[in-house]
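Open your viewer, switch on a cartoon view, and keep the selection panel handy. We will go from stop to stop, picking residues and looking at what sits around them.

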Amino acid sequence: MQDTTLMQIRSIPIASVVAALTGMDATREGNIMCPLHGDKSTPSLHLYHDTNTFYCFGCKTGGDTIKFVEKLKGVGFWEACKLLASMFQIEIKEEEQSTDPNKKKQLREEDKYFNALERVISLQQTRWGEIEKTRPELYNAVVNRFGDPTDPNSITSRWGLCICDFVSLPLGMKWNELEGVTEEYKAALLIKVDHTAMQHRVLIPIRNAWGRVVGFSARQMVKVEGTEYPKYLTSRSSRFFKKGEVFFGLDKAVTLARKTKTLNIVEGYADVMTLHQHGLVNTVALQGTALTATHLKQLRDMGVRLITLFPDRDAAGEKAVAEHTTTLIKAGFEVKVQLYGEEGDDPDSFFKAL
Ligand SMILES: [Zn+2]
């Protein structure tokens with residue numbers, strides 16, 4: 001299936017998908033009855049129309065339109081895509097029907113990897129209540145910085161942030177279900193990296209353009225006494241997670257970016273999440289890498305023409321902006337640079353201070 005076809009599929013409004021499959025009016029504000037777990041009295045499914053995603057506070061399931069169909073129909077990613085394409089008259093030009101057994105195996109393992117990471121998030125999101133009781137300092141730090149996990153509009157809910165202990169599998173998962181992708185899973189969850197460094201962190205899921213979890217960034221929320229660790233530790237690269245191919249936030253930014261043909265690029269994960277909270281949902285970040293040919297192709301496929309760069313107000317930010325501007329102009333894009341606040345500020349701290 002071509003990237004542009006997938007992009008079209010992901011741009012079908014979530015309200016239309018829910019209405020077509022369940023008959024419910026999903027256009028109004030507020031929660032609706034969740035068909036995924038069968039709400040009895042209190043509606044717990046929240047639709048985010050701006051990013052075309054959903055989250056259920058009852059069954060702790062969230063994602064995009066494709067994920068909704070996967071869960072509702074009990075099918076895999078590709079089946080869900082095909083179903084949506086046929087329901088909304090989107091023509092699939094090129095089938096993902098490879099006869100090469102190696103290619104088939106790779107796709108199967110890729111699916112297994114994505115599904116395992118998705119499962120970590122849904123399992124760990126059921127544990128916020130327990131974390132509040134057993135690790136109040138960490139819980140409060142997350143709530144103060146990213147908002148309450150029970151508030152549908154907090155960053156914590158919208159981005160699926162969760163706590164994971166990084167030493168083993170979450171309760172409810174087994175190693176044998178990861179056969180063939182164990183090493184990649186360990187790389188994604190940073191398992192067995194210096195455990196002290198991994199304490200007191202919240203996991204920020206990194207999703208690819210199709211909303212599938214490819215890795216995590218673990219952000220330190222509480223300082224570990226007497227030690228200096230980086231604020232962010234990101235999943236190690238693997239055959240399923242290539243940092244130079246993923247824009248953080250693109251899965252949520254794609255709808256508005258396609259509509260306006262504009263995209264904002266910021267430096268960090270927190271910058272993206274904060275700008276989205278302020279309505280700038282066509283915002284993404286690179287992951288400390290240069291703009292690659294894959295990135296540029298994604299921009300072209302979305303039909304984006306104008307890129308606005310929001311650099312950090314420091315020497316590294318200036319250097320990055322000069323490099324990105326050159327690359328983007330050479331590739332035929334229009335570029336704008338938006339500076340915020342004072343020397344030393346980043347867009348996140350600027351907006352937080354407002
Ligand atoms: Zn539900």
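A salt bridge here is a side-chain nitrogen of Lys or Arg within 4 Å of a carboxyl oxygen of Asp or Glu. Keep in mind as you click that this is a predicted model.

**Stop 1: a pair in helix H13**

Select Asp 301 and Lys 297. They form a salt bridge whose closest N and O atoms are 2.8 Å apart, inside the 4 Å cut-off. Both belong to helix H13, and because they are four residues apart, about one helical turn separates them. In general, an α-helix has 3.6 residues a turn, so residues three or four places apart point the same way. Now colour by accessibility: Asp 301 counts as buried because its relative accessibility is 19%, under the 20% limit. Lys 297, at 40%, is partly exposed.

**Stop 2: helix H5 and its partners**

Next, pick Lys 105 and Glu 109. Their side chains meet in a salt bridge of 3.5 Å, N to O, and the two residues lie four apart in helix H5, about one turn of the helix. Is each one buried or partly exposed? Lys 105 has 45% relative accessibility, so it counts as partly exposed, while Glu 109, at 14%, counts as buried.

Stay with helix H5 and add Asp 111 and Arg 212. The closest N and O atoms of this salt bridge are 2.6 Å apart. The pair joins distant parts of the chain, with Asp 111 in helix H5 and Arg 212 in the loop between S4 and S5, 101 residues apart. Arg 212 is buried, at 8% relative accessibility.

For a network, select Lys 67, Glu 70, Glu 118 and Arg 207, which salt bridges link together. A search of the whole structure finds 15 salt bridges, if you would like to look for others.

**Stop 3: the nonpolar cores**

Hide the charged groups and show Tyr 185, Leu 189 and Phe 248. Within the largest nonpolar core, which has 55 residues, these three touch the most other members. Elements that give two or more residues to this core include helix H5, helix H9, strand S4, strand S5 and helix H12. The largest share, six residues, comes from H5. Colour by domain as well: domain 2 (102–241) and domain 3 (245–353) each supply at least three residues to this core.

Centre on Phe 248. Which residues is Phe 248 in contact with, leaving aside its neighbours within four places in sequence? They are Trp 159, Ile 204, Pro 205, Ile 206, Tyr 269, Val 272, Met 273, Thr 283, Val 284 and Ala 285. Apart from this core lies another, of 48 residues, with Cys 34, Phe 247, Leu 291 and Val 321 among them.

**Stop 4: the zinc ion**

Follow Cys 34 to the zinc ion. Its protein donors are Cys 34 (SG), His 37 (ND1), Cys 56 (SG) and Cys 59 (SG), at 2.1 to 2.3 Å. Along the chain, the donors follow the spacing C-x2-H-x18-C-x2-C. The site is tetrahedral, with angles of 100 to 124 degrees among the four donor atoms. Cys 56 is buried, with a relative accessible area of 0%, whereas Cys 59 is partly exposed, at 24%.

**Stop 5: helix H1**

Finally, select residues 3–10, helix H1. Its buried residues are Thr 5, Leu 6, Met 7, Ile 9 and Arg 10. They pack against strand S3, helix H3, helix H4, helix H11 and helix H13.

Terms used: Residues numbered from 1 in each chain as written. Predicted model: local features only at pLDDT ≥ 70, side-chain atom pairs only at ≥ 80, totals over all residues. Heavy atoms only, no water. Buried < 20%, exposed > 50% of the residue type's maximum accessible area, 1.4 Å probe, protein only. Contact = heavy atoms within 4.5 Å. Core = buried A, V, L, I, M, F, W, Y, C linked by side-chain atoms within 4.5 Å. Domains from an automatic or database assignment. Donors = N, O, S within 2.8 Å, 3.2 Å for Na, K, Ca; no water. Tetrahedral: all angles 85-135°; square planar, octahedral: opposite > 155°, others 65-115°.
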